[in-house]
Structure formats: C-alpha cells, structure tokens
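Here are my notes on the model, set out as numbered points. Helix packing comes before the individual side chains.

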Amino acid sequence: MNCLALIIHGGAGTIRPEIAGAARAGVERALSTGWAILEAGGPATDACEEAIIQLEEDPVFDAGVGAHLNRDGKAQLDAILMDGRSLQSGAIGAVERIRNPIHLARLVLEKGEHSFLVGAGAEQFAVETGIGLCDPTELITPYEQERWAARAAELTPGGTVGAVALDAAGNLCAGTSTGGTFFKHPGRVGDSPLVGCGCYADNESAAVSCTGHGESIMKIVMAKAAADLVASGQHAQAAADAAVRLLSRRTTGSGGLIVVDRSGRVGASFSTPHMTWAVKTTI
C-alpha cells in the first residue's frame with residue numbers, strides 16, 4: 001500500500017483570538033473525517049470532499065454556512081475538486097442556494113459536460129443531478145449579518161477552506177471552497193475555483209490548495225506554480241515556501257497553501273498572520 005497523506009486548511013488571514021480555538025478544532029475534525037476514509041482504503045476524492053463538507057458546515061470558516069456576505073448582503077459560494085489521476089476537475093462559482101458547494105463541484109467533475117458552472121446555471125445543474133436547493137438565509141450567520149449591516153471596514157479572516165490528499169492507490173486530489181471576500185462585488189469569483197490558481201492536482205507532481213488574496217494568487221497561478229516546483233524535484237515544503245515567496249515578490253497580496261506530493265511528502269506555508277491547518281501522514 002502506498003503512503004497516505006491528508007492536509008486540511010481553514011484559510012489564511014488574521015484569526016480573531018476568540019475563534020482561534022474553534023478554528024483549530026474545526027480543522028482537526030475535518031482531518032479525522034478525511035483520514036478515516038483514506039485509512040479504510042477510500043479514494044482521495046472522497047477524503048477531500050467529506051473533509052471540506054465538515055468545514056462548510058462550520059460557521060467559523062468562510063465556506064458554506066458563515067460565508068462572508070457580498071455588497072448585496074448575500075453569500076455567493078465557489079468551490080472546486082480536482083482529480084490528480086485524470087486531471088479532471090469540477091468547479092462552481094457564485095452560487096447562492098447550495099449548502100455544500102464542494103459536493104456540487106464533485107458532481108460537475110463526475111457527471112458534468114463542462115468543468116466550470118456558475119450562478120443560476122450551476123444551481124440548475126444541482127437540481128438536475130438530485131441536489132436540493134437551500135434557502136439562502138441558511139448560509140447567513142448573525143455575525144456575518146451584523147458585519148454587513150455595519151459596513152465593517154476592516155476585513156476579518158480569509159477563512160477559505162481546502163484539503164489535499166494522497167490515497168492508497170497513489171492518487172492525488174485537491175479541493176477548495178470559499179465564500180470569497182467580505183463585501184465583494186456581486187458576481188466576483190476569485191482564485192479558489194480556478195484550476196491552477198486556488199487548486200491543482202496531478203499524480204505526476206502534487207495536489208495543492210491555496211487561500212488568501214484571490215486576485216494576487218491568480219496573477220501567479222500559485223497552485224500550478226507549486227506543483228511545477230515539486231515536479232522539478234523540490235520537496236513539498238520547499239515548493240510551498242517558494243510559492244509564497246513568489247506571491248510576495250510579484251504581487252502586493254498575501255496568502256498561503258497546502259501541498260502533498262505523489263510520495264506523501266507534505267508542505268504548508270503562508271505570508272498572512274495566521275493560517276489554520278492540520279496534517280496526518282503514514283510516513
């Protein structure tokens with residue numbers, strides 16, 4: 001059996017002291033959920049999806065329930081799942097009535113004619129594939145509603161969530177899910193659901209999930225940059241560090257990422273004050 005590996009992140013940013021413990025507990029729960037799947041011989045795609053669902057259901061993070069609200073006071077969600085074996089990916093953007101966007105991304109990956117669906121079209125695909133639509137108010141927590149009502153000027157934690165995994169068959173998978181930035185323009189889609197930017201997986205190199213300032217991460221195609229560094233021979237940790245340095249050198253934004261390579265070596269790096277993450281491997 002190949003080495004197993006799983007890393008979870010709960011977003012890069014400035015974590016408020018009062019939620020730091022809850023954020024740590026949240027990523028640990030997600031790690032346990034995904035690890036149980038890998039340990040039972042399950043695929044990396046299942047491990048990443050189920051781990052991220054745990055985080056989407058946790059209002060501490062900016063994904064699913066508790067996502068940041070846009071200028072219209074709505075939660076518009078993005079997510080992606082990518083299979084390193086086939087290089088196939090499924091992504092959705094700017095959905096408002098999907099409680100677990102990573103699950104819809106999984107269905108786009110496996111059943112969709114296209115790789116990326118947005119807005120009403122993504123929600124229509126959800127209905128066609130058997131996913132019920134939620135009331136948009138289910139996604140809004142009192143804290144986010146109060147922030148929106150007050151037009152808070154100071155942005156709190158990124159909170160984008162992600163997972164990368166290596167399963168017993170040697171397959172890699174990466175997933176990322178987010179509510180985006182606070183008070184964003186309606187229809188804004190950041191790096192998270194974009195192949196090579198917020199997420200990338202290739203069995204010949206690595207699986208990567210990114211978090212941080214999306215517009216900056218897109219400029220350097222950060223997830224693919226990290227995977228390419230692994231493919232060139234760098235250790236996963238060295239590749240993660242190099243990708244963050246590149247982000248700082250070439251843009252004004254900050255962020256972080258998690259990486260697992262095809263040998264089960266892992267890496268995590270960030271240039272923000274904090275990034276909540278957790279890891280488990282059999283190495």
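1. Leu 247 touches Ser 216, Ile 217, Ile 220, Met 222, Gly 253, Ser 254 and Gly 255, leaving out residues up to four places away in sequence. The coordinates are those of a predicted model, and this applies to every point below. Leu 247 sits in helix H8, residues 236-250, and is buried, with a relative accessible area of 0%. Its C-alpha atom is separated by 9.7 Å from that of Met 218, and the two residues are 29 apart along the chain.

2. Helix H8 packs against helix H7 (residues 222-231) at an angle of about 140°, and the axes are 9 Å apart. That angle makes H7 oblique to H8, because the roughly antiparallel class begins over 145 degrees. H7 passes H8 in a right-handed crossing. On the H7 side the contact is made by Met 222, Ala 225, Ala 226, Leu 229 and Val 230, and on the H8 side by Ala 236, Ala 239, Ala 242, Ala 243, Leu 246 and Leu 247. Met 222 and Leu 247, which touch each other, are both members of this contact.

3. Helix H1 (residues 17-39) and helix H2 (residues 44-56) have axes that come within 8 Å and cross at roughly 155°. H1 is therefore roughly antiparallel to H2. The crossing is right-handed. From H1, the residues in contact are Gly 26, Val 27, Ala 30, Thr 33, Gly 34, Ile 37 and Leu 38; from H2, they are Ala 44, Asp 46, Ala 47, Glu 50, Ala 51, Gln 54 and Leu 55. The spacing in these lists can be read against the helix repeat: an α-helix has 3.6 residues a turn, so residues three or four places apart point the same way.

4. H2 also packs against helix H3 (residues 101-111), with the axes 8 Å apart and an angle of about 155°. H2 and H3 are therefore roughly antiparallel to each other. Thr 45, Asp 46, Glu 49, Ile 52, Ile 53 and Glu 56 of H2 meet Pro 101, Ile 102, His 103 and Arg 106 of H3. Asp 46 appears in the contact with H3 and also in the contact with H1.

5. How much of H3 is buried? Eight of its eleven residues are, so H3 is largely enclosed by the rest of the structure. The buried residues are Pro 101, Ile 102, Leu 104, Ala 105, Arg 106, Leu 107, Val 108 and Leu 109. Their cover includes H2, strands E2 and E3, strand E4 (116-118), helix H4 (119-128) and strand E6. Among the residues of H3 that meet H2 are Pro 101, Ile 102 and Arg 106, which are buried.

6. A search of the whole structure finds one aromatic pair. Phe 182 and Phe 183 form it, with 5.6 Å centre to centre and 45° between the planes, and the pair is tilted. Phe 182 is buried, at 6% relative accessible area, whereas Phe 183 is partly exposed at 26%. The face of Phe 182 also has Arg 147 lying over it, at 3.9 Å from the ring centre. Elsewhere, Arg 16 lies over the face of Tyr 143, at 4.2 Å from the ring centre.

7. Two residues deserve a look for their backbone. Phe 183, in the loop between strand E6 (172-178) and strand E7 (199-201), has phi near 65°, a positive value in a residue other than glycine. Leu 87 has a positive phi of about 65° and is not a glycine either. Leu 87 lies in the loop between strand E2 (77-83) and strand E3 (89-95). With 42% relative accessibility, Leu 87 counts as partly exposed.

8. Gln 76 is found in the loop between H2 and E2. Is Gln 76 buried or exposed? Gln 76 is buried, since its relative accessible area is 7% and the limit for burial is 20%. Outside its neighbours within four places in sequence, Gln 76 is in contact with Asn 70, Ala 94, Val 95, Glu 96, Thr 178, Gly 179, Lys 184, Pro 186, Gly 187 and Arg 188. Gln 76 and Pro 186 are 110 residues apart in sequence, while their C-alpha atoms are 7.8 Å apart in space.

Methods: Residues numbered from 1 in each chain as written. Predicted model: local features only at pLDDT ≥ 70, side-chain atom pairs only at ≥ 80, totals over all residues. Heavy atoms only, no water. Phe/Tyr/Trp six-rings, centres within 6.5 Å; stacked < 30°, edge-to-face > 60°. Buried < 20%, exposed > 50% of the residue type's maximum accessible area, 1.4 Å probe, protein only. Lys NZ or Arg CZ within 6 Å of the ring centre and 35° of its normal. Axes fitted to C-alpha atoms, helices over the stretch in contact; angles between N-to-C directions. Helix = DSSP H or I, 4+ residues; strand = E, 2+ residues; numbered from the N terminus. Parallel < 35°, antiparallel > 145°, perpendicular 65-115°, else oblique. Left-handed = near helix turned anticlockwise from the far one by under 90°. Contact = heavy atoms within 4.5 Å.
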